[in-house]
Amino acid sequence: MKDIKLLFLLIFLSFSVCSQTDSMMVKNASGKTLKRLGKNALLQNDPSSAITFFEAYVRNNRNDAASMYLLGHAYLKVRDYDRAQHMFLNAYTTNKEKAPEALYFHAQMQKSNGLYDSAKVNFEKFKKEYKG
């Protein structure tokens, strides 16, 4: 019985040590590494991890519209439409050329959040501006 308790304690401690390593890795990683890890997490269909990496990256690189756009997609995949809406808007206002489709997704999130009139205005604006 004592051995089983000790085994469970060791398993619990090993999981807590692993989670601390991950948070320390995010804290100490370079911007380039965080962006690469976020992109890879999205490619592996792991939006929760992508959110962690992109949030850390965007916190220090507020002018990277492409990363904001990818963070918006990660929020979209976990169905956090409010955060996705704001991140797509941030990407669009930061650099329209780097994230031209962000306005469309911003309008889509407005529609999902029940802001139909605003969504209609932004869909029409997107239709006029987008040259893709």
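How close do the axes of α4 and α6 come, and at roughly what angle do they cross? These legends walk through that spot and a few others in a predicted model.

**View 1. Here α4 meets α6.** The two axes come within 11 Å, crossing at roughly 30°. Angles under 35 degrees count as roughly parallel, so α4 and α6 are roughly parallel to each other. As for handedness, α4 and α6 make a left-handed crossing. On the α4 side, the touching residues are Y69, H73 and L76, and they meet A102, F105 and M109 of α6. Sort the α4–α6 contact by class and you get five nonpolar residues, one polar and no charged ones.

**View 2. Now α4 packs against α5.** This time the angle is about 165°, and the axes of α4 and α5 sit 8 Å apart. Anything over 145 degrees goes down as roughly antiparallel, and α4 and α5 are therefore roughly antiparallel to each other. α4 passes α5 in a left-handed crossing. From α4, the contact takes in A65, M68, Y69, L71, G72, H73, Y75 and L76. Facing them from α5 are Y81, R83, A84, M87, F88, N90, A91 and T94. The class tally for α4 with α5 is 11 nonpolar, four polar and one charged. If some names ring a bell, Y69, H73 and L76 of α4 also turned up in the contact with α6.

**View 3. Next up is the pairing of α6 with α7.** Helix α6 covers residues 102-112 and helix α7 covers residues 116-129. They pack at an angle of about 165°, with 8 Å between their axes, and that makes α6 roughly antiparallel to α7. The crossing of α6 past α7 is left-handed. α6 brings L103, Y104, H106, A107, Q108, Q110 and K111 to the contact. α7 answers with Y116, S118, A119, N122, F123, K125, F126 and E129. By class, the contact of α6 with α7 splits into seven nonpolar, five polar and three charged residues.

**View 4. Last stop: the largest pocket, with a volume of about 160 Å³.** Its lining is made of E55, V58, R59, R62, M68, L71, M87 and N90. Three elements give two or more residues each: α3 (47-60), α4 (65-77) and α5 (81-94). α3 supplies the largest share of that lining, three residues. In terms of chemistry, the lining of the largest pocket has four nonpolar residues, one polar and three charged. Some of this should look familiar from View 2: M68 and L71 of α4 and M87 and N90 of α5 are among the residues that make the α4–α5 contact, and these four also line the largest pocket.

Methods:
Residues numbered from 1 in each chain as written. Predicted model: local features only at pLDDT ≥ 70, side-chain atom pairs only at ≥ 80, totals over all residues. Heavy atoms only, no water. 1 Å grid on protein atoms, 1.4 Å probe; cavity = no way out; pocket = protein on both sides within 12 Å on 5 of 7 lines; lining within 4 Å. Points joined across faces, edges and corners; volume = space filled by probe spheres on them. Helix = DSSP H or I, 4+ residues; strand = E, 2+ residues; numbered from the N terminus. Nonpolar A, V, L, I, M, F, W, Y, C, P; charged D, E, K, R; others polar. Axes fitted to C-alpha atoms, helices over the stretch in contact; angles between N-to-C directions. Parallel < 35°, antiparallel > 145°, perpendicular 65-115°, else oblique. Left-handed = near helix turned anticlockwise from the far one by under 90°. Contact = heavy atoms within 4.5 Å.
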